[in-house]
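Reader: I'd like a close look at one small part of this model, the kind of spot I'd check before setting up a calculation. Could you pick one, walk me around it, and then follow the chain outwards from there?

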Amino acid sequence: ADRTGSSVFKFKSISRGRNGKRRGEFLSDAESDRWWLFDVEERAPWIITGGEEKALAARLASFNVLGSLSGERSPGAEWIQLLAQSEPRQVLVVNDHDEKGREANRKTVRALELAGIDPSRIAVVAWPEGTADGGDLNDVLKAKGVEGVRALLGGARAQVSCLPRRL
């Protein structure tokens, strides 16, 4: 369901495009704000990631997850506010290991901080040296299992404030 409670259906093609990804089609009224919310445990850290396979990898590792159904992007203001109101003890931002993923990470961290989440509670996953361009949580799950996902997420680095300091 989307944030209004309306049903959202996503269909994936069997064949893959030139980029190796399956083409997705949605049946939904909401064009731009399709996110999954998996609330596993009240005090578990939150993961924000793009793509349903990556969201499921984080969920399998017992994290609360806010995951985009349409790739790497920053959640809309309503999703960020919903997350901020839950007073998370930690929010880990993990998108693909490529420029689009890094840009989504930057925008998401800024939005979280502007929503009032302390930057010491926000962390971005540091991809290990040698990670293939475009590598993601699902790749880690397939190669190293749930423990590999937990290890990667456990190495996330806390952020220094991205906002200008007041003098």
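Author: Let's start inside: the largest cavity has a volume of about 30 Å³. Keep in mind that this is a predicted model. The count comes to one cavity of 30 Å³ or more.

What lines the largest cavity? The lining is made up of Glu42, Arg43, Ala44, Trp46, Ser86, Glu87, Pro88 and Arg89. Sorted by type, those residues come out as three nonpolar, one polar and four charged. Ala44, Trp46 and Pro88 are the nonpolar ones, Ser86 is the polar one, and Glu42, Arg43, Glu87 and Arg89 carry the charged label.

Glu87 deserves a second look. Its phi is positive, about 50°, although the residue is not a glycine. Glu87 sits in the loop between α2 (77–85) and β6 (91–93). Is Glu87 buried or exposed? With a relative accessible area of 59%, it counts as exposed, because that value is over the 50% cut-off. So this one residue helps line the cavity and is exposed as well.

The elements on either side of that loop lead us to helix α3. Buried residues of α3 pack against α2 and β6, and also against β4 (46–50) and β7 (122–124). Which residues of α3 are buried? They are Gly101, Ala104, Asn105, Thr108, Val109, Leu112 and Glu113. Looking down the helix axis, you'd find them within an arc of 160°, so they line one face of α3. There's a general reason for that kind of pattern: an α-helix has 3.6 residues a turn, so residues three or four places apart point the same way. On the face turned away from the buried side, α3 carries the exposed residues Lys100 and Leu114.

Val109 is a handy residue to click on in α3. Its relative accessibility is 6%, under the 20% cut-off, so it counts as buried. Val109 and Ala123 are 14 residues apart in sequence, and their C-alpha atoms lie 8.2 Å apart in space.

The length of α3 checks out too. At 1.5 Å a residue, the 16 residues of α3 (99–114) should span 22 Å, and the end C-alpha atoms are 23 Å apart, which agrees. After α3 comes Gly116, with a positive phi near 100°.

Back along the chain there's another backbone angle to flag. Ser62 comes just after α1, in the loop between α1 and β5 (64–68). Its phi is near 70°, again a positive value in a residue other than glycine. Unlike exposed Glu87, Ser62 is partly exposed, because its relative accessible area of 36% falls between the two cut-offs of 20% and 50%. As for α1 itself (residues 52–60), its buried residues are Glu52, Lys54, Ala55, Ala57 and Ala58.

Now zoom out to the whole chain. It has four helices and eight strands, running β-β-β-β-α-β-α-β-α-β-α-β from the N terminus. Of its 167 residues, 41% are buried. Among contacts between residues at least 6 apart in sequence, 62% join residues at least 24 apart.

How values were computed
Residues are numbered from 1 along each chain as its sequence is written. This is a predicted model: local features need pLDDT of at least 70, side-chain atom pairs count only at pLDDT 80 or more; totals for chains, interfaces and linings use all residues. Side-chain values use heavy atoms; hydrogens and water are left out. Buried means under 20% relative accessible area, exposed over 50%, partly exposed in between (1.4 Å probe, protein chains only). Helices (H or I, at least four residues) and strands (E, at least two) are DSSP runs, numbered from the N terminus. On a 1 Å grid over the protein atoms alone, a cavity is a set of points where a 1.4 Å probe fits but cannot get out, and a pocket is an open set with protein on both sides within 12 Å along at least five of seven lines; lining residues have an atom within 4 Å of a point. Grid points are joined across faces, edges and corners, and a volume is the space filled by probe spheres set on the points. The expected span of a helix is 1.5 Å times one less than its number of residues. The arc is that of the directions from the helix axis to the C-beta atoms. Contact means heavy atoms within 4.5 Å.
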